[in-house]
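Visitor: Please take me slowly through one part of this model, residue by residue where that helps. I would like to see how that part is connected to what surrounds it, beginning with a point at the surface and then working inward.

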Amino acid sequence: MSDAWRAYASAPPDGALVCPSEAVAQGAARCLSVTSEAGAFPLLLVRTGDGLKAYVNACPHQYLPLDYRSANVLSADGTRLLCSAHGAMFDAASGGCLSGDAADGLDPVPVTEAGGEIRIGG
């Protein structure tokens, strides 16, 4: 996994609490901010058939949040993430770009899930 997410000025430290596990249902996506001493970090969580995935909530085309114009960023079948600003599509399981002006994929963020909590780190 790439550590590109750590280059963001607001990247939280390992162990930072993201949210309760129950906040991200199976087949759902959630955009939120993880607040730490570094600031507010934009995070996108998605629970797919492959498990829980996390990405920086910033489309590599213009670095706008995927939910910039709409909170609905997950396709009906739960396999693709959609940038609401310009329509780029990303694979929900890998973050790879499927279509649109964003040649690069989403930056993955390692998360762990234990004791009913999701935390930064892997």
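Guide: With a relative accessible area of 51%, Tyr63 passes the cut-off of over 50% and therefore counts as exposed. This is a predicted model, so every value here is computed from predicted coordinates. Tyr63 belongs to the loop between β4 and β5, the latter being residues 80-82, and its phi is positive, at about 60°, although Tyr63 is not a glycine. The general background is that most residues other than glycine have a negative phi.

From that loop we can go back along the chain, through β4, to the strand on which I would like to spend the rest of this answer. Strand β3 covers residues 39-48, and because 7 of these 10 residues are buried, β3 is largely enclosed by the rest of the structure. Strand β2, residues 29-36, runs antiparallel to β3 and is joined to it by 8 bridges; within this pairing, Leu43 of β3 stands opposite Leu32, and the two strands form a hairpin with 2 residues between them. Strand β4, residues 51-56, is likewise antiparallel to β3, with 6 bridges between them. Here Leu45 has Ala54 of β4 as its bridge partner, and 2 residues make the hairpin connection from β3 to β4.

The side chains of β3 can now be placed in their surroundings. Phe41, Leu43 and Leu45 are among the residues with the most contacts inside the largest nonpolar core, which has 19 residues, and the others named with them are Val18, Val109, Ile118 and Ile120. At least two residues of this core come from each of β1 (17-20), β2, β3, β4 and β9 (117-120). Val18 shows how these parts meet: leaving aside residues up to four places away in sequence, Val18 touches Leu32, Val34, Leu43, Leu45, Ile118, Arg119 and Ile120. Apart from this core lies another one, of 14 residues, and Leu44 is among its members, together with residues including Leu81, Cys83 and Phe90.

Phe41 deserves a separate look, and its relative accessibility of 0% is why it counts as buried. The structure has 2 aromatic pairs. In one of them the ring centres of Trp5 and Phe41 are 6.1 Å apart and the planes stand at 65°, so this pair is edge-to-face. Trp5 sits in the segment before β1 and Phe41 in strand β3, so to speak of the pair is to speak of a link between distant parts of the chain, 36 residues apart. Trp5 and Phe41 are both buried. The rings of Tyr8 and Phe41, with centres 6.0 Å apart and planes at 85°, also make an edge-to-face pair, because their angle is over 60 degrees. Tyr8, too, lies in the segment before β1, and its pair with Phe41 in strand β3 links parts of the chain 33 residues apart. In contrast to the two buried residues, Tyr8 counts as partly exposed because its relative accessibility is 22%. Through these ring pairs Trp5, Tyr8 and Phe41 are linked into a cluster.

Further along, strand β3 also holds Arg47, a charged residue that nevertheless counts as buried because its relative accessible area is 13%. Two backbone oxygens lie close to polar atoms of the Arg47 side chain: that of Ser21 at 3.3 Å and that of Val24 at 2.6 Å. Not counting residues up to four places away in sequence, Arg47 touches Ser21, Val24, Ala25, Gln26, Gly27, Ala28, Leu52, Glu113 and Ile118.

Glu113 in that list is also a salt-bridge partner of Arg47, with the closest N and O atoms 2.8 Å apart. Since Glu113 lies in strand β8 (residues 111-114) and Arg47 in strand β3, the pair ties together parts that are 66 residues apart in sequence. Glu113 itself is partly exposed, on account of a relative accessible area of 37%. This salt bridge is one of 4 in the structure; among the others are Arg6 with Asp14, whose closest N and O atoms are 3.0 Å apart, and Arg80 with Asp77, at 3.7 Å from N to O.

Conventions. Residues numbered from 1 in each chain as written. Predicted model: local features only at pLDDT ≥ 70, side-chain atom pairs only at ≥ 80, totals over all residues. Heavy atoms only, no water. Buried < 20%, exposed > 50% of the residue type's maximum accessible area, 1.4 Å probe, protein only. Helix = DSSP H or I, 4+ residues; strand = E, 2+ residues; numbered from the N terminus. Pairing = 2+ DSSP bridges. Core = buried A, V, L, I, M, F, W, Y, C linked by side-chain atoms within 4.5 Å. Contact = heavy atoms within 4.5 Å. Phe/Tyr/Trp six-rings, centres within 6.5 Å; stacked < 30°, edge-to-face > 60°. Polar contact = N/O pair within 3.5 Å; in protein donor to acceptor, adjacent residues only side chain to side chain. Salt bridge = Lys/Arg side-chain N within 4 Å of Asp/Glu carboxyl O.
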